[in-house]
Each structure stands twice: as structure tokens, then as C-alpha cells.
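User: Give me a close look at the charge pairing in this model. Start with one side chain and work outward from there.

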Amino acid sequence: MLGNAVSYVGELNMENTGNKQNKENKYKRRKAQRRDWYQLDLSAIVYPTLQRRDFSSVYRLSVLLKEEVRPDVLQQALDMTLPRFPTYKAAIRKGLFWRYLEPNDRPGPFVQEDVKNPCQPMYFKANNRYLVRVYYFRNRIALEAHHSLGDGTGGMCVLMTLTATYLRLLGHEGIENGGFVLDINEAPDEEELEDAYMRYANARVCPPRLEEKAYRVRGTAEPFYTLNIIDGIMSVSEVMAAAKRYGATITEYLNAVLLYALMTKQEEEHRARQRPVKIAMPVNLRRFFPSITLRNFITMIFPGIDPRLGDYTFEEIVQQVHNYMRYYINEKLLRGDITTNAATQRNPFIRVVPLFIKDFVVRLFYTKVQDRNSSAGLTNMGALKVPEGMKACIDRFDIYMGQPFSRRTNCAIISFEDVLTINFASSIIEADVERYFFRRLVKDGIHVKIESNRD
Amino acid sequence: MSYCVNCGVELDASAQKCPLCNTPVWNPGELEKQVSGKDAMPPFPREKSQVETANRKDFGLLMSMVVLATAATCGILNALVFRGTLWSLSVIGACAVLWVILIPVMIYTKQSIYVSLLYDGIVVVLYLYILTFQVGSREWFFGLGLPITALVTFITEVFTVCVCRLPRSFLTVSLYLFTGAGLLCLGLEMLIDWYLMGEIALSWSAVVLTVCAILDIALITMLSRRRLRNEVRRRLHF
């Protein structure tokens, strides 16, 4: 999914070479430079309201290099890179009606040694008000960012640009800018900082959303500060071959495997009343709506099955997911979806409601409706492309959706060259869903290597 | 290289058990390494870290200095400029109340809520006592101020204990709230009557108490009957 976005970003960068456009871009960049605050985008409005003492919407992206990381050089690279991303070098503030981002010139953020329990809550007033953290551990560089700053694509741009700068400082030559690696000497483009939702939320109707409570995994909560991670590392070609056998893409196949794992878990629990099993899956809208924004530009879809209708074979689940994706992932329905989302924010009566009331209502809606609408989260960043000069230095990438809002499991997928990594993050003791998931992959002939931070 | 015998997945060299099914790793070819843990580099760090909390101490210090400066300035003004009455005592008292209320919020956030409430009660009593120097009479303090503050503090403490220690739901919190409100009104009227008339003749508080008692009985019935409780939850869910 994200591979297309990457190539699109690359194409746009190349297109911008024309003289006329250069002038236009210079104007835009100057304008971007002058801004001293940023409105939160449509998705970002929600994340701060969900902030609790033990929860923040933090995701984590990491890159595994082939050599040990030098923290002093990494800090230098970070200091050079972050000013290129003004919405990441920012602090979140409260207004009377909305929150907003403002440039943060305090010292930091500082690179720190990685910890066993990543994606910890990120308090807005802590860490010198920065909403990003950078960790290192042996040959791994990890970036944690609050979702109110941007989505995985934006975060990946920061991480890749940081990694490229780091490698250049170490003397690696031939690392070109392009794709996720942006030019740190260039001023940010206005379009990178825009709320792209508002540009494309222009359908003539707001389609209603069908919402039904989904099955929720029952598990024993881990103590605060614990995030259980299980990484599955496998070969892209093996997964692709397995997916092809079922006539599906990798995303559809892995979605189906997760649905199968959740369905099995629900069956094992012998509940009197079964519920539909659904997955919340973010779709990168850059694939459908041209934008180079580094902020949030995703929408959620909910592929699922309803075991109350009868028993599903695995093949039927794959077919169901395949058909669902074909039907829902298209420009028209996605435009309708973001228009529905934007309608609330555009409503003048809602706009003038004080922030604390909005917070209360949004939190209530999310807890009572949105969070119960899915059984697990799954995101696929797709095949990551890096500049040729960087390929030799990188082993693999990892991505974690972060701590789930409720007791459940989140799954994130990313691939680089022939290495596909599936990262599960959960805050419950039981690893049943993960077990069913990986056993299914093994059954389909995929060699899986497991790494975990569990004791 | 070890594999889980149950799951069929390859495990990391440092793994002592399969993270998916907890089956212990037993590799006959690498027994020595497994026992000694040599060459086993875990893929994740072993150290946990704590969340960095926002530093409110600086703000707490600032607020303390502002409160202290206000109290001191008013005291000096009262002593040197506006000397007619002891008006500064009420300002100094108010500053003390504000500071004590701010302690758990800004200065010592780990302070128990029960201790905080007790301190709040004590500082309000002290403030009322300070006011007696301005009014010139202490009768109202011992007859009304002290007992009412003690009653409010006691009921708030009991309410907090119930909310924090007993099972908490929308229905139970409502039960504690109505019980507390009824008892508070009853106590207030008894104290006021005793102070003003020297005898207790209940009137308005009896009405409040009756309403609270009816609501409490309804809530207790709902809590004790699961079917009824579920029905109420279903109809009132939000």
C-alpha cells in the first residue's frame, strides 16, 4: 500500500523540476516557513482526546542497520534532520475550541537507549513538550511519534531522512534524496504540512456508517508500563506464494489469517453469544488522492466475518476479505468516508463548542462506539523502497501500532527487499491470537522466525 | 537454531521458551549454550523505563511564591498603611487555604486523597477561626463553623472511601452520592437548629432525606436484582 505512496512522492519530487513550478514552490515554501502554528488535521483531533495516564496514541517505526548505532552521531543527525519537519518539531497546545501545534524550540529531543517497554504514554508537557522519541539499541534506530503529528507515512519520512543523514555523517556515499528521504537543506513544502482531508472531503453526500459491536478479545491486563511484542520475520516471496494459492494479495491474505486467528479465539472461549469478528485497517489515502502531506491522511476500513451466519473455512475468509477490499477500497467510497468524517468538524455549531465538551463527547463516542467496532487493528505499510545507496546498510524495518486503547492486539506489517516483518503489540498476558496467527502461516508452508520482548 | 515443537516457528537464540505457547526450548545440540546463556543476545533490551512525567514542581514553586507574596504584602499593608481593622487576616487565611488545596495538584502529587481532604478540612477550620478575630465573636465558630466543616469533611472522606474501595459503577456511585447528600442535609439542619433555637426540629432536611431514601431504595433494588440492573443499563446506556 505504502509502496505506491512512496513512488508517488518520488514522482512528485521529479515533476517539480520545471521552472514555473519551482517559482511556485519557492513561494509555497516561504509561506510554510512563516507559519507559527498549525491546525490539527482531521484525524489528529481525536488522538489527544483519548490521552490517559496509561495510554497515548503512539506508534513506533524502527530500522535495523547492519552495523552498531553510534549515539553521538545519531544525535547530530537528529539535530540536523528534525527542523526539516516542522510539524514533528512541535508541541501540542490547547486553544479554547481546538488544540493546535506550535513550533517547539526547546532543547531536544535527545536520543536515548532503547527500553524493553516501548510506546509508553507520551505526556504533552513532558520531554520538553516534544512528541517524538528516538531510541537506539545495538544496530536499531527507533522513532516513536504521537499520532497527532502524523501517520506512518509521515513518520517513515522522518525516520528514513534521519537514517540517511546518520549514514551520510558516518561517511556512506551515494545516498540520494528521494522517496521517503527528503532533502534536509530544503525548506518544507507547504503541501507537506497541509490537512489533506479538507482538500478531498468534497463528496456531495455524507454516506452513513454502519456500526455494529464486534468481538472483543478477553485477556488479562498486564501492569501499566508493559507492552508485549511478538515479531514474526519471514520471506516476502514465501508469503506471496501462499497468498497466490488463495488468489489474494499479501494484505488480503494476512488480513484473512488475523480474522481466522480471532475467529478461532472466539470459538475457544465458548461464548453464549458470538459477535462479528472485524479488523480495523487504516488505508493510506495518498494512493487515491494525490498529496505529499506528512500529516495524517488515512481512513479506516473494517473487513470482517460474521460467525453467526455459519462456519467459515479459511478459504471463505480469504474470499470474503478479497471481495470486501475490492468493493470498499476505491476513490469514490473513500471520498464519501472522509466527507462524512469532515462534516462534523465543518459544522459551525460544533466548531464553537468549547474544547472540554468536545473532548468529553469524542472520548465517549470513541469508547462506546468506535473502539467496540473492531476486534483488532492491522496495518500494512507495504514494501518499503529506499534509495539505492542505503540498501546495503539496512537489514529490515519494524513497525508497531503501539499500545491498544482497549485490551486487544494490534498487528503491523512492513516489508523490505525479501524480509517481511509482522509485529504484534498487545497489553494482555495471553498470546492466543498471535499463536493462532503464526501457526496458520506455518501450516501454509511459510518459515517464521519469532522474536519477542516477553519474559 | 531452535524451533518450537508446538508452533513450528523458529525461535530467537536467546529464547528460553516459545513466546506464543510458553513451551520451554530444549535443543539437545545446544544444551550447554542454553544452560549458560552464552552467546544469547536478546533482540530487545532488558531494561524497562518509566514514563517521564510533566514537571509541575516549577509551577508549584511559582504559585507558592505568588501566594506567599500576596499574604506577606497584605500583612505589611495592614500593619503599616491601612491599619483600621485586621482585614489582612482574611486574605492571609484565603492564601493558606489556596496553598493547601494546591499541594496535591502541583507540589506533592503522590499525596493520598484522604490526607488531602483532611488537610483541606483542617485549613478551612483554621481560616474560619482566623475570621473570628475580625468578627470579634467566637460563638458562631464553635456553634456552626467548626461542626459544619467537620461534618462536610467526614462525609466527603466516607464518600471517597466508598468510591475508591468499594465496587464502582454508575449505580453504586449514585447510591453513595444520594446517601451522602441526604445525611449532609440532615446534619446541616440539626446543627443550624441547635445553634439558633437550642433544639432540633427537622423540616426541609426531612424532605431531602425522604427523597434520597426513596432513590437509595430504588438503587439498592436495582443493584440486588441482576435482571433489573441489566434492564436499566440497557435502557440508559450511552
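Analyst: Let's start at A:K449, which counts as partly exposed because its relative accessibility is 24% (buried is under 20% relative accessible area, exposed is over 50%, and partly exposed is in between, with a 1.4 Å probe and protein chains only). Keep in mind that this is a predicted model: local features need pLDDT of at least 70 and side-chain atom pairs pLDDT 80 or more, while totals for chains, interfaces and linings use all residues. As for bookkeeping, residues count from 1 along each chain as its sequence is written, chains are lettered from A and ligands numbered from 1 in the order written, and side-chain values use heavy atoms, leaving out hydrogens and water.

So what does A:K449 pair with? Its salt-bridge partner is B:D12, with 4.0 Å between the closest N and O atoms (the criterion is a Lys or Arg side-chain nitrogen within 4 Å of an Asp or Glu carboxyl oxygen). The pair joins two chains, because A:K449 sits in strand β16 (residues 449-452) of chain A and B:D12 in the loop between β2 and α1 of chain B (helices, H or I with at least four residues, and strands, E with at least two, are DSSP runs numbered from the N terminus). B:D12 has 11% relative accessibility, so this residue counts as buried. And the pair has company: shared salt-bridge partners tie A:K449 and B:D12 into one network with A:D231, A:R396, A:D398 and A:E451.

That same B loop, between β2 (10-11) and α1, also holds B:A15. B:A15 is buried too, at a relative accessible area of 18%. Its C-alpha atom is 8.1 Å from that of B:A40, which is 25 residues away along the chain.

Zooming out, there are 29 salt bridges over all chains. Among them is the one between A:R60 and A:D114, whose closest N and O atoms are 2.5 Å apart. This pair links distant parts of chain A: A:R60 is in strand β2 (residues 58-65), and A:D114, 54 residues away, is in the loop between β5 (111-113) and β6 (132-137). Buried or exposed, what are these two? A:R60 counts as buried at 2% relative accessibility, and A:D114 is buried as well, with 3% relative accessible area.

For a pairing inside a helix, try A:D432 and A:R435: their salt bridge has its closest N and O atoms 3.0 Å apart. Why can they meet? They are 3 residues apart in helix α14 (residues 432-443) of chain A, so about one helical turn separates them. Both A:D432 and A:R435 are buried.

Now for charge without a partner. A:K94, A:K125, A:R363 and B:R56 gather in a surface patch of positive charge (patch residues have over 30% relative accessible area and no salt bridge, with like charges joined within 9 Å and nonpolar side chains within 5 Å). B:R56 comes from the loop between α1 (31-36) and α2 (57-80) of chain B, and is partly exposed with 46% relative accessible area.

Helix α2 of chain B also contains B:L80, which counts as exposed at 56% relative accessibility. Together with B:I76, B:L77, B:V81 and B:F82, B:L80 forms a nonpolar surface patch with about 490 Å² of accessible area.

For contrast, look at helix α8 of chain A: it is mostly covered, with 16 of its 19 residues buried. Just after α8(A) comes A:H270, whose phi is positive, near 50°.

Technical notes: Areas by Shrake-Rupley, 256 points an atom, 1.4 Å probe, with all protein chains shown as cover. Lys, Arg positive; Asp, Glu negative; His and termini not counted. Charge placed at Lys NZ, Arg CZ, Asp CG, Glu CD.
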